[in-house]
Amino acid sequence: MAPVEPVQPAPVQPTLKSFTFPDGHISFSYPASWSVRTQRGPGLEVPPWQPVDAIVSDQTGTDLFSVSSGANGIGCVGAPTNRTVLDSAAVPGMREVDGTTPMFGFIVENIGGEDWYKMAVMNPRNLEEGAVGQSCTLLVMGNGGVANGVIFDQTFWPSPQSAFPSRQAAEAWMATEQYAQLKALIMSLNYS
């Protein structure tokens, strides 16, 4: 009789909840132990614009991710930067009004000798590497602007402090459960 290979149990997938914005356009999935709260979003609030922010927090109450929907009158300002893409993938449930499929990106931009990190859904042009303009996470959707991003503990002014002490630390974070959960949340974003 041949020996039988032991069967490894399948990894346990976390239980997920879903959130849909009040206007029904954007939805996403997130771990059931996390929570979502809403507040008035950025920009003008005049018909037909109804800007709403959804802020996702972990089980300790720490804010991890924010996405705004229905924004109007907001934009992006950028400075010259040197960008490195640490991770990227197409987000199939999102499509900008011009037909562009936005991308998930975890990027580092070096501005003035300091590294700044962004993890969000963005237009593919914001994932070009090298000497470029600073990235923008504003997407143009049918119901207005969508701005989003992981909320990193980094301070630009008055005393700059990066989210990670080094790029190696950022790359090590990519192997954590928190990174996998945030990436899965971002990849689940859907616009209808």
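Thr-137 is buried in the predicted model, its relative accessible area being 15%. The residue is placed in the loop between strand 9 and strand 10, and its side chain comes within 3.0 Å of the backbone oxygen of Asn-148. When neighbours within four places in sequence are left aside, the contacts of Thr-137 comprise Cys-76, Ala-120, Val-121, Met-122, Val-146, Ala-147 and Asn-148. A further relation across the sequence is that of Thr-137 to Val-67, for which a separation of 70 residues in sequence corresponds to a C-alpha to C-alpha distance of 9.9 Å.

The loop that holds Thr-137 also contains Cys-136, and this cysteine takes part in the one disulfide of the structure. Its partner is Cys-76, with the two sulfur atoms 1.7 Å apart; the link is right-handed, with 45° about the S-S bond. Because Cys-76 lies in the loop between strand 5 and strand 6 (80-90), whereas Cys-136 belongs to the loop between strand 9 (130-133) and strand 10 (138-141), the pair ties together parts that are 60 residues apart in sequence. A disulfide is a covalent bond between the sulfur atoms of two cysteines. With respect to accessibility, Cys-136 is buried at a relative accessible area of 15%, while Cys-76 is partly exposed at 42%.

Ser-66, a residue of strand 5 (residues 63-71), is likewise classed as buried, its relative accessible area being 19%, a value that falls under the 20% limit used for this class. Beyond its neighbours within four places in sequence, Ser-66 is in contact with Asp-53, Ala-54 and Ile-55, and also with Ala-147, Asn-148, Gly-149 and Ile-151. Ala-147 and Asn-148 thus appear among the contacts of Ser-66 and also among those of Thr-137.

Four strands form an open sheet in the order 8-7-6-9, and their pairing is antiparallel. Strand 8 (114-122) and strand 9 are the edge strands, each of them pairing on one side only, and neighbouring strands of the sheet are turned against each other by 40° on average, direction ignored. Within this sheet, strand 6 and strand 7 (residues 103-111) run antiparallel and are joined by eight bridges; one residue taking part in bridging is Ser-88, whose bridge partner in strand 7 is Gly-105. Helix 2 packs on the sheet, where it touches strand 6, strand 7 and strand 8, and the direction of the helix makes about 45° with that of strand 8.

In helix 2 (residues 177-187), the buried residues are Tyr-179, Gln-181, Leu-182, Leu-185 and Ile-186. These residues lie on the same side of helix 2, because the arc that they cover around the axis is only 165°. An α-helix has 3.6 residues a turn, so residues three or four places apart point the same way.

At the level of the whole protein chain, two helices and 12 strands are present, and their succession along the sequence follows the pattern β-β-β-β-β-β-β-β-β-β-β-α-α-β. The C-alpha trace spans about 75 × 40 × 35 Å along its principal axes. Of the 192 residues of the chain, 40% count as buried. Among contacts with a separation of 6 or more, 54% are accounted for by residues 24 or more positions apart.

Technical notes: Residues numbered from 1 in each chain as written. Predicted model: local features only at pLDDT ≥ 70, side-chain atom pairs only at ≥ 80, totals over all residues. Heavy atoms only, no water. Buried < 20%, exposed > 50% of the residue type's maximum accessible area, 1.4 Å probe, protein only. Arc of directions from axis to C-beta. Contact = heavy atoms within 4.5 Å. Disulfide = S-S within 2.5 Å. Pairing = 2+ DSSP bridges. Axes fitted to C-alpha atoms, helices over the stretch in contact; angles between N-to-C directions. Polar contact = N/O pair within 3.5 Å; in protein donor to acceptor, adjacent residues only side chain to side chain.
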